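Let's take a look at what surrounds the ligand here, and then at a pair of aromatic rings.

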Amino acid sequence: MSAEKIPVGVLISGRGSNLQALIDASFAESFPARIALVISNVEGAYGLVRARTAGIPTRVIPHKDADGKAKPREAFDAELDAALREAGVKIVCLAGFMRILSDGFARAWEGRLLNIHPSLLPAYKGTQVHERVIAAGEKQSGASVHFVVPELDAGPVITSATVPVLAADTPDTLAARVLEAEHRLYPTALRLVCEGRVRLANGAAIFP
Ligand code: GRF
């Protein structure tokens, strides 16, 4: 059964709780994907420990060269691309990956590149999401999984989950509630893509 699973690569920079959710889901026999490779641009990312514990191959590809200078974006992305292809990866999930990918990379993986964002996209793209949601007095927030397109956080949404914003919420308490929803959402979205129940066509998410 597992031989038929679609090989997925996960790109991380940090704690990797969404990676863990994907790993846990992938262990179910009926889940259509297996995590074939985890790449981190940060050597000490805890997500690497999670992957190794699960017996998943890992690569560290720093976005800086030996002198501490940031590599040109295209060069860094070419290293990512080569590692993913070498591992036979067919779908890439960004899971707390803190680098902006080049247009070329996004185009090369178009329709096969997913990201999770802690807001109800298209609202609250970018960073400091929970601070802004609370400051705006929103009553609801949530998380979205979307196809990645060159423009940041602008790709078509595959699926989203809503959580309440409570009067006493701080950015941290809201983030924790959203994160719990993320952990259910990302495996659901990956399953939809793997099973061909959603695809990217002409810049839109199509549910055939
Ligand atoms: C999540 O909130 C995700 O939505 C955002 O970065 C965070 C990553 O958390 N893109 P983790 O590393 O998966 O725990």
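Below come the ligand site, its polar contacts and the aromatic pairs.

This is a predicted model, so local features need pLDDT of at least 70 and side-chain atom pairs count only at pLDDT 80 or more, while totals for chains, interfaces and linings use all residues. Residues are numbered from 1 along each chain as its sequence is written, and side-chain values use heavy atoms, with hydrogens and water left out.

The residues around the ligand (a heavy atom within 4 Å of it) are R15, G16, S17, N18, G96, I116, H117, P118, L179 and E182. By class, that shell has three nonpolar, five polar and two charged residues, with Gly counted among the polar ones.

Here are some polar pairs between protein and ligand (N or O atoms within 3.5 Å):

| Residue | Protein atom | Ligand atom | Distance |
|---|---|---|---|
| G16 | backbone N or O | oxygen | 2.9 Å |
| S17 | side-chain N or O | oxygen | 2.5 Å |
| I116 | polar backbone atom | nitrogen | 3.0 Å |

On its own, the ligand has 360 Å² of accessible area (Shrake-Rupley method, 1.4 Å probe), and the protein covers 84% of that. Helix 1 (17-26), strand 5 (113-117) and helix 6 (171-194) are the elements that give two or more residues to the shell; helices (H or I, at least four residues) and strands (E, at least two) are DSSP runs.

What about the rings? There are two aromatic pairs, counted when ring centres lie within 6.5 Å. One of them, F76 with F97, is stacked (planes under 30 degrees apart), at 6.3 Å centre to centre and 15° between the planes. F76 lies in helix 3 (residues 73-86) and F97 in the loop between strand 4 (91-94) and helix 4 (103-108), so the pair ties together parts that are 21 residues apart in sequence.

Technical notes:
Polar contact = N/O pair within 3.5 Å; in protein donor to acceptor, adjacent residues only side chain to side chain. Phe/Tyr/Trp six-rings, centres within 6.5 Å; stacked < 30°, edge-to-face > 60°.
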